[in-house]
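Q: I'm new to this structure and would like a close look at a single part of it. Could you walk me through one spot and then show me what lies around it?

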Amino acid sequence: MPQNLVLIGLGANLGDAAATLVAAMAELGARVDARGPVACSSLWRSTPVDCPPDAPDFLNAALAFEAAPGSTPERVLALLLALERSFGRRRDGQRNAPRTLDLDLLAFGAQHRASVTLTLPHPRATQRAFVLAPLAEIAPEFVWPGTDATVAELLARLADRSGVQRLAATGSCPA
C-alpha cells in the first residue's frame with residue numbers, strides 16, 4: 001500500500017442516491033490530485049446509524065487514490081466540501097440528517113489531524129460496517145492509522161455487520 005493512500009467515504013440517502021454516488025465518484029476521480037489510478041468500490045445499501053427516526057436507507061461507496069506530492073488533507077477536504085455543495089448538500093446543523101451527498105475524508109496515509117474542521121483518521125470509521133465494507137473492496141491491506149490492523153481485519157472484528165449489503169460492482173471508477 002502506498003504511504004500516502006487517501007481514503008474517502010461516500011454516502012447518500014435522498015433523491016437518486018445511486019446516480020448521485022456514481023456521478024460523485026466520476027467527479028472525484030477527475031478532480032483529485034492523484035498519483036496513479038483511482039479505485040472505486042461497489043455500491044452498498046446500509047441501514048441508517050445514529051440518524052433521525054424514519055431516515056431512508058443510505059447507499060455507500062468508497063474511493064481510494066495515492067496522493068500526488070504536495071497534496072494535503074486540507075486541500076482534499078476543501079474539494080470534498082465543494083463537491084457536496086455542488087450536489088445540493090445543505091448543512092443545517094442537524095447531525096446525521098438525510099442528505100443528497102456525504103463525503104468523508106477517512107484517512108490520508110498515516111497522518112493525524114485534530115482541528116475544528118478536520119479529524120484524521122476519521123474518528124468513527126473503524127466502528128462502522130458501512131464504511132469498512134466498501135473500503136475492504138479497494139484497500140483491504142491498508143493499515144488503519146493508530147492501529148496495527150488492516151481494513152479487512154477491522155471489518156472482520158465488527159460484531160454487527162447486519163444492515164450492510166453489497167448492491168452492484170462498479171468494476172472501476174465511472175468515467
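Which residues does A39 touch, not counting residues up to four places away in sequence?

A: A quick word on the ground rules. This is a predicted model, where local features need pLDDT of at least 70 and side-chain atom pairs count only at pLDDT 80 or more, while totals for chains, interfaces and linings use all residues. Residues are numbered from 1 along each chain as its sequence is written, and side-chain values use heavy atoms, with hydrogens and water left out.

Now to your residue. A39 touches A62, L63, A64, I138 and C173, not counting residues up to four places away in sequence; contact here means heavy atoms within 4.5 Å. A39 lies in strand β2. Strands (E, at least two residues) and helices (H or I, at least four) are DSSP runs, numbered from the N terminus. At 28% relative accessibility, A39 counts as partly exposed: that label covers what falls between buried, under 20% relative accessible area, and exposed, over 50% (1.4 Å probe, protein chains only). A39 and A64 sit 25 residues apart in sequence, but their C-alpha atoms are 5.1 Å apart in space.

Follow the contact to L63 and you meet a longer list. Again leaving out residues up to four places away in sequence, L63 touches V6, L7, I8, L10, M25, L28, G29, V38, A39, C40, I138 and C173. L63 also belongs to the largest nonpolar core, which has 30 residues; I8, L10, L28, L63 and F65 touch the most other members. A nonpolar core is a set of buried Ala, Val, Leu, Ile, Met, Phe, Trp, Tyr and Cys residues joined through side-chain atoms within 4.5 Å. β1 (5–12), α1 (17–31), β2 (34–40), β4 (58–67), α2 (73–86) and β5 (102–108) each supply at least two residues of this core. I138, a contact of A39, is instead listed in a second, separate core of 24 residues, which also includes L135, A136 and L155. As background, nonpolar side chains tend to be buried together in soluble globular proteins.

One of the contributors to the largest core is α2, so let's look there. The buried residues of α2 are P73, V76, L77, L79, L80, L83 and E84. Seen down the axis of α2, these buried residues fall within an arc of 160 degrees, so they line one face of the helix; the arc is that of the directions from the helix axis to the C-beta atoms. What covers them includes β1, α1, β4, β5, β6 (113–114) and β7 (119–120). On the other side of α2, R85 and S86 are exposed.

E84 deserves a stop of its own. E84 is buried, with a relative accessible area of 1%. Leaving aside neighbours within four places in sequence, E84 is in contact with R89, R91, L101, D102 and L103.

D102 takes us into β5, where D102 is the bridge partner of G11. β1 and β5 pair in the antiparallel sense over six bridges; two strands pair if DSSP finds at least two bridges between them. β5 is mostly covered, with six of its seven residues buried.
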